[in-house]
Amino acid sequence: MSDLNEDDGFTELLADIEDKFGEVLRMKRAREVLEFAEVTGMVYIRAVGSGVPHDLAQAMAAEYWDAEMTQNKPAEAGEAPEEAE
């Protein structure tokens with residue numbers, strides 16, 4: 001009977017560690033996305049401020065955002081990270 005309790009305690013400990021690790025990863029990702037959003041805005045503002053037409057500046061900012069979101073996409077659990085070509 002004590003083996004069962006030890007297994008349950010170990011399983012609970014691992015689950016707690018996994019939850020905490022997941023929370024840290026989510027917070028890290030949130031900070032990264034906020035930084036990418038800020039830089040995306042700066043790309044647009046600086047482009048427009050330099051005389052680039054609105055539509056082109058918007059396309060430049062969108063291209064930056066898409067590149068960052070594609071390159072920095074978090075891997076799903078059990079999924080190998082994508083390799084750069």
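Q: What makes the meeting of the side chains of Arg 29 and Glu 32 a salt bridge?
A: The N to O distance between the two side chains is 3.8 Å. A salt bridge requires a side-chain nitrogen of Lys or Arg within 4 Å of a carboxyl oxygen of Asp or Glu, and the pair therefore qualifies. In general, side chains of opposite charge can pair when their charged atoms come close. The model is a predicted one, in which local features need pLDDT of at least 70 and side-chain atom pairs count only at pLDDT 80 or more, while totals for chains, interfaces and linings use all residues. Residues are numbered from 1 along each chain as its sequence is written, and side-chain values use heavy atoms, with hydrogens and water left out.

Q: How many salt bridges does the structure hold, and which residues are linked in a network of them?
A: The structure holds four salt bridges. Lys 28, Arg 29 and Glu 32 are linked in a network.

Q: Why are Arg 29 and Glu 32 said to be separated by about one helical turn?
A: They stand three residues apart in helix α1, and that spacing is about one turn. A helix here is a DSSP run of H or I with at least four residues, numbered from the N terminus; helix α1 covers residues 2–49.

Q: Why does Arg 29 count as buried or exposed, and what of Glu 32?
A: Buried means under 20% relative accessible area, exposed over 50%, and partly exposed in between (1.4 Å probe, protein chains only). Arg 29 has 18% and is therefore buried, whereas Glu 32 has 22% and is therefore partly exposed.

Q: How do you know that Lys 20 forms a salt bridge with Asp 16?
A: Their closest N and O atoms are 3.3 Å apart, so the pair meets the distance criterion. Both residues lie in helix α1, four residues apart. Lys 20, at 53%, is exposed, and Asp 16, at 34%, is partly exposed.

Q: What makes Arg 26 and Glu 23 a salt bridge?
A: The closest N and O atoms of Arg 26 and Glu 23 are 3.0 Å apart, and the pair therefore satisfies the definition. Both lie in helix α1, three residues apart, about one turn of the helix. Arg 26 is exposed at 51%.

Q: Why is Thr 40 called buried or exposed?
A: Thr 40 has a relative accessible area of 12%, so it is classed as buried. A polar atom of its side chain lies 2.7 Å from the backbone oxygen of Phe 36.

Q: Why is Ala 47 called buried or exposed?
A: With a relative accessible area of 7%, Ala 47 is buried. Ala 47 lies in helix α1, and its C-alpha atom is separated by 8.9 Å from that of Ala 61, 14 residues apart along the chain.

Q: Which residues form the nonpolar patch on the surface?
A: Phe 10, Leu 13, Leu 14 and Ile 17 form it, with about 390 Å² of accessible area together. Patches are made of residues with over 30% relative accessible area and no salt bridge; like charges are joined within 9 Å, and nonpolar side chains (Val, Leu, Ile, Met, Phe, Trp, Tyr) within 5 Å. Leu 13, at 46%, is partly exposed and therefore passes the area requirement.

Q: What makes the surface patch that includes Glu 6 a negative one?
A: The patch is formed by Glu 6, Asp 7, Asp 8 and Glu 12. Asp and Glu count as negative, so the patch is negative. Glu 6, at 55%, is exposed and therefore passes the area requirement.

Terms used
Accessible areas come from the Shrake-Rupley method with a 1.4 Å probe; for residues, only the protein chains shown count as cover. The place of a charge is taken as NZ of Lys, CZ of Arg, CG of Asp or CD of Glu. Helices (H or I, at least four residues) and strands (E, at least two) are DSSP runs, numbered from the N terminus. A polar contact is a pair of N or O atoms within 3.5 Å; within protein, one must be able to donate a hydrogen and the other to accept it, and residues adjacent in sequence count only if both atoms are side-chain atoms.
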